[in-house]
Every structure is written in C-alpha cells, then in structure tokens.
Amino acid sequence: MAKRDSFFITTPIFYVNDVPHIGHGYTEVVSDVLARWHRQRGDDTFLLTGTDEHGQKILRTATANEVTPKQWADRLVESAWKPLLKTLDISNDDFIRTTDQRHEDNVKVFLQRLYDRGFIYTGEFEGYYCVGCEEYKQESDLVDGVGQFAGQKVCAIHSKPVELLKEKNYFFKMSEFTKPLLDLYEQHPDFIQPASARNEVVSFVKQGLTDLSISRSSFDWGIKLPWDESHVLYVWIDALLNYATAVGYGQDDEAFERRWPPQVHIVGKDILRFHAVIWPALLLAAGLDLPQHVFGHGWLLVGGEKMSKSKLTGIAPTQITDVFGADAFRYYFLRAITFGHDGSFSWEDIAARYEAELANGFGNLASRTLAMIAKYFDGTVPEAGELTEADQAIVDLVAEIPTKADTAIAEFRTNDAISEIWRLVDALNGYITEQTPWAVAKRGETERLGTILHTVWFGLGALDVLLSPVIPEAAAKLWEVLGTGAITDVTITEADQWQRYAAPTVHAIEALFPRVDSSEVPETPVPQHQA
C-alpha cells in the first residue's frame with residue numbers, strides 16, 4: 001500500500017471520438033491544481049490522465065471517416081488530446097492510452113484473476129444500449145424523444161435513441177457486491193463526494209445491483225478476453241483498469257506498491273456510477289485496495305444548458321486561451337464554480353473576472369508594488385521598522401492563509417482555497433490605499449515608507465507561492481523578480497516563510513495580465529433547439 005504522503009490523483013481517460021471541449025479542460029485543470037498543490041507541499045504526487053480508445057463508438061466514428069480505429073485514435077491523440085494538456089499547462093506524470101501494450105496485457109492479467117476467482121460466468125443478455133455512453137440503460141435512464149426522435153426512447157444524457165441488443169456475453173457477478181458496497185459507503189461516508197453525489201449512488205445501490213455484462217461479440221475493436229478471444233471486453237471495464245495498469249499492475253510490483261491506491265478519482269457526475277459502483281466492486285472481487293475518494297464534479301452549462309455541438313454551444317479550450325491565456329482559464333473555472341456543483345460559463349463573466357480580479361486585483365498589485373520599490377529604494381527591498389496595527393494585520397493574515405487554503409485543498413474545496421488566498425489580494429490592495437505610500441514618500445518619511453513597502457512585498461511573495469498551482473505561468477514570471485531558484489522549491493504550506501528564497505533586489509515588470517480588448521471577446525452562444 002502507498003505511503004501516507006503519497007498523492008495519486010486521476011482524471012477520467014477521455015473518449016477520442018471527438019475533440020476536447022471546455023468541460024474536459026475543466027476536469028484536467030482542477031486535477032492539475034490539486035496535483036501541483038500536493039507536489040509543492042512535499043507529497044509524493046502522481047497525476048494520471050489519458051485516452052479511452054476502444055469500443056463501438058470509436059469503431060463507428062473511424063469507419064465513418066474511412067480509417068481504422070487505431071488510425072483515428074492516433075490522429076485525435078496527437079492533434080487534439082495531448083495538445084490540450086500543453087494549452088492548459090497540465091503537469092501530468094503519465095498519459096495512458098487504452099491501446100498501449102502495457103495496458104492491454106495487464107488488463108488481461110486482471111480479468112484472468114477475476115475469472116479464476118469465480119466472479120465471471122456466461123449468459124444471455126437483452127437490453128437498451130447507448131453507444132454514446134457505451135452503457136446498457138435501465139428504463140429509468142430513458143426519456144421520450146422529441147423532434148426527429150419523437151416516438152423513440154432516447155438516452156437522458158445524449159438525447160439520442162438507444163439500441164435494443166441481445167447477445168451471449170460474459171457477466172461479472174456484481175449482484176454479490178450490493179451489501180459490501182453499501183457497507184463501504186456507510187463506513188467511509190467521504191468515499192463518494194460531494195454529499196449529493198453520495199446520496200444518488202447510495203439510493204441507486206439500495207435498489208439492488210444486477211450482474212454486469214462485461215463482453216461484446218458483435219464487433220472486435222477492443223481487448224480480447226484471455227480465455228475466449230471471440231469476445232472483447234466491455235469498454236468501460238477496459239477504461240477503468242487504466243488506473244491500475246498505468247502504475248504497474250501486473251508488471252511492476254514495486255511501482256504499484258508505491259502508488260496504489262489512488263487518493264482520488266476526479267470524474268464528471270455523468271460517469272459517477274462507473275467509478276463509485278462498478279469500479280470498487282471489481283477491486284473488491286480482485287482483492288485490491290480501494291481508492292480513498294471518488295469526486296463527481298458538476299457540468300459546465302452554456303446558456304443554462306449542458307454544452308452540445310448540436311445546439312451550437314460547444315466551446316473549445318483554445319477559444320478561451322487565445323483571448324485570455326491559460327492562467328486565466330485555470331483561474332476562472334476554479335474561482336467561478338463551486339467544485340462539485342454545476343457551473344455556468346459565459347464570455348461576459350470571464351471577461352469581467354479577468355479585468356477585475358486578475359488584471360486589476362493581482363496583476364496591478366504586483367506591478368505597483370515592484371514599481372514603488374524600484375522608484376523609492378532603487379530596487380533594494382527595504383527593511384521593516386516598527387510595525388503598526390495595520391502592518392501586523394497583514395503579517396498575521398499571511399501566516400494564517402496557507403493552513404486554511406491547505407485544509408480546503410485537502411477537502412477538495414478548490415474554490416474555497418482560492419477565496420482564502422484572495423483575501424490576501426484584497427487586504428494588500430486595501431492596505432496600500434489606506435497607507436498611501438506615495439504620500440508618505442512625499443513627506444520624506446523614509447523609514448515608514450520602507451515598512452509599508454516591505455509589508456506589501458512580504459505579502460506579495462506569499463501570494464505568489466500560494467497561487468503558483470493555479471496560475472503557474474504568471475507566478476513563475478513574478479518569481480523571476482521576487483525570488484531565487486524555482487518557485488516550486490518553496491513548500492506551499494510554508495508560504496509565509498518564502499523570504500528565505502527572496503532576491504535581494506527587484507525591478508518593475510510588464511503587466512502579468514495585459515488588458516484584453518472587448519472586441520476580442522465573443523458573445524455567449526444561445527442553445528439552438530431542433531424543431
């Protein structure tokens with residue numbers, strides 16, 4: 001089992017039937033901020049992401065584009081999914097593809113283990129299948145179609161018709177895990193987060209689990225079962241096992257021992273049941289330790305609805321980063337959305353927050369602090385004299401915030417962590433306004449001026465360290481002026497001691513967040529509904 005200071009975090013692996021949208025970017029960014037924070041607090045951190053490349057949906061997409069499924073996957077991975085990580089400055093430690101040999105070989109090891117333990121049997125199954133979800137649906141998961149699909153049952157998530165399938169398949173005895181899973185949820189109430197997600201899963205499992213069809217024989221794009229190569233593995237079982245195969249399951253016991261189990265799986269709420277029901281049942285059957293947490297975050301809404309290409313509300317991450325930059329994308333989605341809840345995106349909101357909070361709030365604070373030290377003290381950071389009550393309040397706040405932000409991060413309250421840190425941004429800007437260092441300089445009170453600017457400099461350095469997981473590019477630029485070495489050398493929970501790494505002199509810098517012309521900001525799309 002992994003050591004206590006291990007922090008193994010995963011994103012879902014994303015389906016390569018299409019290019020990424022901002023919902024995928026949101027998941028990546030939240031996971032990356034958590035990973036960067038834990039890495040900088042000294043934890044043995046490992047961030048895993050990747051792509052899901054098997055299944056009927058990929059096969060159909062590739063066929064429609066007149067290429068093989070592997071050719072399609074290769075094209076999308078290299079042209080869209082890996083570039084997404086670079087665009088958003090994601091610090092992943094591994095990128096796994098379900099077509100990797102290391103994955104396919106060791107999935108078979110896991111499957112054989114379940115088979116040998118008696119958890120897999122053959123049978124016939126008939127049910128409604130959503131190719132978009134790659135999932136058999138219960139009647140309660142279906143709704144009546146509208147428009148061109150009127151009179152048909154459609155998937156509640158994709159709004160597209162399901163297919164009635166009947167196959168001879170292999171089944172996993174998931175029904176045996178109804179009680180063990182309910183016991184898990186009761187004994188570890190924070191296993192599923194947030195509480196709303198936990199309640200939904202508990203309610204579902206209390207209805208009783210049925211055995212799960214884990215193979216398909218009507219197509220061959222997938223991992224063949226080791227004991228029957230006429231069947232390929234159900235794509236969701238294939239996908240879930242990436243979390244184990246990526247860290248050495250079946251081939252590197254030492255690596256697996258170091259990393260396993262994950263501290264948290266970050267997933268969208270639409271795939272919560274796979275991770276909070278099927279996945280722990282599989283691990284229990286295999287005799288492996290369970291992840292500590294599964295966190296199901298909400299959807300990003302555009303125009304009040306879930307994003308949809310058919311409704312013309314799909315937005316690519318580059319549409320945002322081309323205007324505002326990667327740091328602004330990262331900051332906005334963590335600051336504006338309560339993690340675990342649905343959140344609305346609008347161009348108007350990101351533009352307003354960029355100007356008020358990043359450009360005017362943090363960016364201007366950095367610029368004017370460094371400019372005043374350069375102007376009044378030739379760039380040499382002045383020493384602090386006797387502290388007033390106002391000065392001490394800033395020092396105390398700097399000492400208080402790292403612990404509070406760290407607690408919020410540990411509880412996956414990313415927006416609360418940023419809110420805590422932003423208290424210092426607001427306090428420093430208010431302090432400058434109240435202390436009027438320019439007026440103090442005009443009166444020739446050099447010692448008092450030095451104390452004011454030293455206090456602001458001290459707070460600014462702590463801010464830079466605390467914000468480095470969130471806005472890494474801007475933080476690194478500011479650190480080039482404020483500090484020595486790399487900003488990640490400073491333990492984040494000791495941000496109030498950053499001055500041990502301080503540079504002796506500073507200089508003015510260009511704006512960390514340059515003004516954005518309003519003409520560059522698009523209008524938020526309005527969902528277009530089919531008649």
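**Exercise 1. Glutamine 263 in the predicted model**

Decide whether glutamine 263 is buried or exposed in this predicted model, then establish which residues glutamine 263 touches.

*Solution.*
Step 1. Glutamine 263 has a relative accessibility of 9%. Buried means under 20%, so glutamine 263 counts as buried.
Step 2. Glutamine 263 sits in the loop between helix 9 (253-259) and strand 14 (264-268).
Step 3. Leaving aside residues up to four places away in sequence, glutamine 263 touches Ser6, Phe7, Phe8, Gln292 and His293.
Step 4. A polar atom of the glutamine 263 side chain lies 2.7 Å from the backbone nitrogen of phenylalanine 8. The cut-off for a polar contact is 3.5 Å.

**Exercise 2. The surroundings of strand 1**

Find which strands pair with strand 1, and in what sense.

*Solution.*
Step 1. Strand 1 covers residues 6-15. Its pairing with strand 2 is parallel and has 8 bridges. Within that pairing, phenylalanine 8 has phenylalanine 46 of strand 2 as its bridge partner.
Step 2. Strand 1 also pairs with strand 14, again in the parallel sense, over 2 bridges. Here threonine 10 stands opposite histidine 265 of strand 14.
Step 3. The connection to strand 2 involves helix 1: strand 1, helix 1 and strand 2 form a right-handed β-α-β unit.
Step 4. Of the 10 residues of strand 1, 10 are buried, so the strand is largely enclosed by the rest of the structure.

**Exercise 3. Length and packing of helix 3**

Compare the expected span of helix 3 with the distance between its end C-alpha atoms, and list what covers its buried residues.

*Solution.*
Step 1. Helix 3 has 19 residues (69-87), and at 1.5 Å a residue it should span 27 Å. Its end C-alpha atoms are 26 Å apart, which agrees.
Step 2. The helix has a kink of about 45°, centred on valine 77.
Step 3. Valine 77 is also one of the buried residues of helix 3, with Pro69, Trp72, Ala73, Leu76, Ala80, Trp81, Leu84 and Leu85. In an α-helix there are 3.6 residues a turn, so residues three or four places apart point the same way.
Step 4. The cover over these buried residues includes strand 1, helix 1 (22-40), strand 2 (44-52), helix 2 (56-64), strand 3 (94-97) and helix 11 (317-324).
Step 5. Just after helix 3, aspartate 89 has a positive phi of about 60°.

**Exercise 4. A sheet of 3 strands**

Work out which strands stand at the edges of the sheet with the order 17-16-18.

*Solution.*
Step 1. The sheet is open and its pairing is mixed.
Step 2. Strand 17 (305-306) and strand 18 (343-345) each have a single partner strand, so they stand at the edges, and one side of each lacks a neighbour in the sheet.
Step 3. Strand 16 (300-302) and strand 18 run parallel and are joined by 3 bridges. In this pair, valine 302 has phenylalanine 345 of strand 18 as its bridge partner.

**Exercise 5. Two buried helix residues**

Describe the contacts of asparagine 415 and alanine 462.

*Solution.*
Step 1. Asparagine 415 belongs to helix 15 (414-435) and, at 10% relative accessibility, counts as buried.
Step 2. Beyond four places in sequence, asparagine 415 touches Leu334, Arg335, Ile337, Thr338 and Phe339. A polar atom of its side chain lies 3.3 Å from the backbone nitrogen of phenylalanine 339.
Step 3. Alanine 462 belongs to helix 17 (446-467) and is buried, with a relative accessible area of 1%.
Step 4. With residues up to four places away not counted, alanine 462 touches Val398, Ala495 and Trp498.

Note on methods: Residues numbered from 1 in each chain as written. Predicted model: local features only at pLDDT ≥ 70, side-chain atom pairs only at ≥ 80, totals over all residues. Heavy atoms only, no water. Helix = DSSP H or I, 4+ residues; strand = E, 2+ residues; numbered from the N terminus. Expected span 1.5 Å × (residues − 1). Bend = angle between axes of the 7 residues up to and from the residue. Buried < 20%, exposed > 50% of the residue type's maximum accessible area, 1.4 Å probe, protein only. Contact = heavy atoms within 4.5 Å. Polar contact = N/O pair within 3.5 Å; in protein donor to acceptor, adjacent residues only side chain to side chain. Pairing = 2+ DSSP bridges. Right-handed = clockwise from strand over helix to strand, strands pointing away.
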